[in-house]
Amino acid sequence: MRKKIVAGNWKMNKNSEQTEILLNELIAQIPASCDAKVIVAPTFVNLASAVNHLKNTPIGVSAQNMHQAASGAYTGEISADMLKNIGVNTVILGHSERRAIFHETDALIANKVETALQNDMNVIFCFGEELKDRQSQNHFNIVENQLRDGLFHIQKKDWEKIVLAYEPVWAIGTGETASPEQAQEMHEFIRETVRKSFGSDVAEDVSILYGGSVKPDNAKEIFSKSDVDGGLIGGAALNAKDFIAIVTAF
Ligand code: PGA
């Protein structure tokens, strides 16, 4: 049975005091009966305190990125070992902002996935087409290529460490959301693509999250679709009330 997951990607927001305030609100207000696994991804400098804060709670912690090398002369970078050492076992890779602003290619992301798996980490693998791709009806091709080039080098057994996050770039931070039907259509295609290469058991078990302007008022409808297993939330994850409303939308 695949898991329902709601993950909050805080991006470059919240200093350490603000991080603590939001975490306290989430701890106090997320209902124990909640159906979904909740994960938060604060910035690197606040990860260690988040792990400490969330000890003995059901809320998980993820990093937003990491470097592919084990160690060395990579000024400003963070390794898998450093994350594991402070108790962070999950990392978001391939986010569209990393691809667009920091020029991360499918090949580089594939490398990072490899490093994460070698370090026994869970990966939230992000991918999704740009507006021009959808307008030219090329969105299925783009999504399939991102999956094949960035992820499909892994072995069948590795899939238990993978969560997919389909995030159409035109919907991220824009207030524009894919309709529940557009999300379902693409998620079904993604599951089918996984099925063709790795078999039905893997395809049925992998959680596929939708990301891109998920808000309290549209979460329920998006999450009601059969191939949407949760969400990767940006802007609305920065506010406890909105994030909790999304978490409880299942
Ligand atoms: P958004 O961001 O919810 O603000 O659109 C989603 C994401 O980038 O993961």
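## Exercises on a predicted model

In strand β8, Gly231 is the bridge partner of Tyr210. The model is predicted, and the exercises below work through strand β8, the ligand site and two side chains.

**Exercise 1.** Determine which strands pair with β8 and in what sense.

*Solution.* Start with β7, residues 208–211: this strand runs parallel to β8 and is joined to it by 2 bridges. Next take β1, residues 5–9, which pairs with β8 in the parallel sense over 4 bridges. On that side, Ile5 has Gly230 of β8 as its bridge partner. Finally, follow the chain from β7 to β8: together with helix α10 (residues 216–223), the two strands make a right-handed β-α-β unit.

**Exercise 2.** Sort the residues of β8 by the direction in which they point, and state whether they are buried or exposed.

*Solution.* In a regular strand, side chains alternate between the two faces of the sheet. Strand β8 covers residues 230–233. Gly230 and Leu232 point one way, while Gly231 and Ile233 point the other way. All four are buried.

**Exercise 3.** Identify which residues come nearest to the ligand, then list polar distances to its oxygen atoms.

*Solution.* There are 13 residues around the ligand, and the nearest are Lys11, His95, Glu167, Gly173 and Ser213. For the side chains, a polar atom of Glu167 lies 2.6 Å from a ligand oxygen, and an N or O atom of His95 is 2.7 Å from a ligand oxygen. For the backbone, a polar atom of Gly234 is 2.9 Å from an oxygen atom of the ligand. The ligand taken alone exposes 280 Å², of which the protein buries 96%.

**Exercise 4.** Classify Lys112 as buried or exposed and find the polar partner of its side chain.

*Solution.* Locate Lys112 first: it is in helix α5, residues 106–118. Its relative accessibility is 3%, and the cut-off for buried is under 20%, so Lys112 counts as buried. The side chain of Lys112 makes a polar contact of 2.8 Å with the side chain of Glu104. Beyond its neighbours within four places in sequence, Lys112 is in contact with Asn65, Met66, His67, Gln68, Leu93 and Glu104.

**Exercise 5.** Place Tyr74 in the chain and assign its exposure class.

*Solution.* Tyr74 sits in the loop between β3 (60–61) and α3 (80–85). Its relative accessible area is 41%; the partly exposed class lies between under 20% and over 50%, so Tyr74 is partly exposed. Setting aside residues up to four places away in sequence, Tyr74 touches His67 and Ala69. His67 is also among the contacts of Lys112.

Technical notes. Residues are numbered from 1 along each chain as its sequence is written. This is a predicted model: local features need pLDDT of at least 70, side-chain atom pairs count only at pLDDT 80 or more; totals for chains, interfaces and linings use all residues. Side-chain values use heavy atoms; hydrogens and water are left out. Buried means under 20% relative accessible area, exposed over 50%, partly exposed in between (1.4 Å probe, protein chains only). Two strands pair if DSSP finds at least two bridges between them. A crossover is right-handed if, with the strands pointing away from the viewer, the path from the first strand over the helix to the second runs clockwise. Contact means heavy atoms within 4.5 Å. A residue is near a molecule or strand if one of its heavy atoms lies within 4 Å of it. A polar contact is a pair of N or O atoms within 3.5 Å; within protein, one must be able to donate a hydrogen and the other to accept it, and residues adjacent in sequence count only if both atoms are side-chain atoms. Accessible areas come from the Shrake-Rupley method with a 1.4 Å probe; for residues, only the protein chains shown count as cover.
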